[in-house]
Amino acid sequence: MRIVTLIENTPGAPGCAHEHGLSLYVETGRHTLLMDTGATGAFAANAAVLGLDLGRVDTIVLSHGHYDHAGGLRQAAALAPGARIYMQRGAAGEFFHGERYIGIDKAILELPGLRLLDGDCRLDEELFLFAGITGRRFWPRSNRELSVEGPGSRVQDDFAHEQCLVVCQGGRHILLSGCAHNGILNILDRYRALFGAGPDVVVSGFHMKQAGPYTGAEWQTIEQTARALQAYRHTQFYTGHCTGRPAQERLQQILGDQLRALHSGEELAL
């Protein structure tokens with residue numbers, strides 16, 4: 001199995017662009033797939049630099065309905081016209097950060113390969129998608145600034161449109177999430193409810209990034225999250241994108257080598 005970070009916020013491989021966005025390229029025994037497509041077409045340019053043929057992609061998964069994960073989706077569909085695209089139905093909503101629209105390009109809804117899901121979906125013995133993350137333990141504070149157009153007014157986004165991908169191969173389980181808007185611990189709780197134990201690898205933003213200084217209570221939440229992740233003794237974590245550098249550095253102090261950083265164009269050591 002192979003996972004390459006096609007695009008992420010931080011520079012990595014020579015010649016690869018970086019941007020506020022996330023896209024992961026995954027090769028399994030049966031599939032070549034993309035988890036998200038970044039904010040622009042930079043993911044595809046990076047793939048070309050790395051010698052990755054996106055025409056081989058047969059599956060595209062959208063983690064949630066925000067532009068920085070769906071911005072390159074139409075280009076991905078053009079490069080891989082036979083690929084099936086999976087997103088939760090609710091990811092087509094009208095999403096805002098304050099007054100700024102951050103939802104997807106609605107032309108995505110016309111793509112012939114699109115499959116709209118309403119909850120969990122097993123694609124085959126290798127790939128499983130799950131949503132339905134309802135826990136609120138350490139729910140990211142920055143979510144409070146994010147809303148969705150409801151009947152007559154905007155309401156707090158509850159991120160029911162977020163989904164995670166589980167890749168099962170060789171007896172190992174790899175859990176892929178986009179931003180963990182529902183909180184990484186709540187995602188792991190849902191995963192354990194489905195699979196009975198923790199995953200071998202987790203690749204996800206932790207959505208701890210914020211514009212202003214962290215309060216003492218927020219630092220405490222970050223540290224408590226890190227200690228809860230330590231309990232997954234056999235799980236390797238990779239994070240970046242929306243985690244935020246200060247939060248990631250504090251997590252690293254506690255988790256040590258159990259936590260590794262994502263960078264544009266770099267392959268994960270699985």
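1. In this predicted model, the buried residues of helix H6 pack against three elements, namely helix H5 (216-230), strand S16 (236-239) and strand S17 (259-261). The residues concerned are Ala247, Gln248, Leu251 and Leu255, which are buried within a helix that spans residues 245-255. Seen down the axis of H6, these buried residues fall within an arc of 95°, and they therefore line one face of the helix.

2. The other side of H6 carries Arg245 and Gln253, both of which are exposed, where exposed stands for a relative accessible area over 50% and buried for one under 20%. Just after the helix comes Gly256, whose phi is positive, at about 60°.

3. Turning to the sheet, six strands make up an open arrangement with mixed pairing, and their order is S1-S2-S3-S4-S5-S8. Strand S1 (2-7) and strand S8 (114-117) stand at the edges with a single partner strand each, so one side of each is left without a neighbour in the sheet. From one strand to the next, the twist averages 20°.

4. Within this sheet, strand S4 (residues 59-61) and strand S5 (residues 84-88) run parallel and are joined by three bridges. One residue pair can be checked directly in the coordinates, since the bridge partner of Val61 in S5 is Tyr86.

5. Helix H1, which covers residues 42-50, lies across S1, strand S2 (23-27) and strand S3 (32-35), and the helix runs at about 125° to S1. The strand S1 that H1 crosses is also one of the edge strands of the sheet.

Technical notes: Residues numbered from 1 in each chain as written. Predicted model: local features only at pLDDT ≥ 70, side-chain atom pairs only at ≥ 80, totals over all residues. Heavy atoms only, no water. Buried < 20%, exposed > 50% of the residue type's maximum accessible area, 1.4 Å probe, protein only. Helix = DSSP H or I, 4+ residues; strand = E, 2+ residues; numbered from the N terminus. Arc of directions from axis to C-beta. Contact = heavy atoms within 4.5 Å. Pairing = 2+ DSSP bridges. Axes fitted to C-alpha atoms, helices over the stretch in contact; angles between N-to-C directions.
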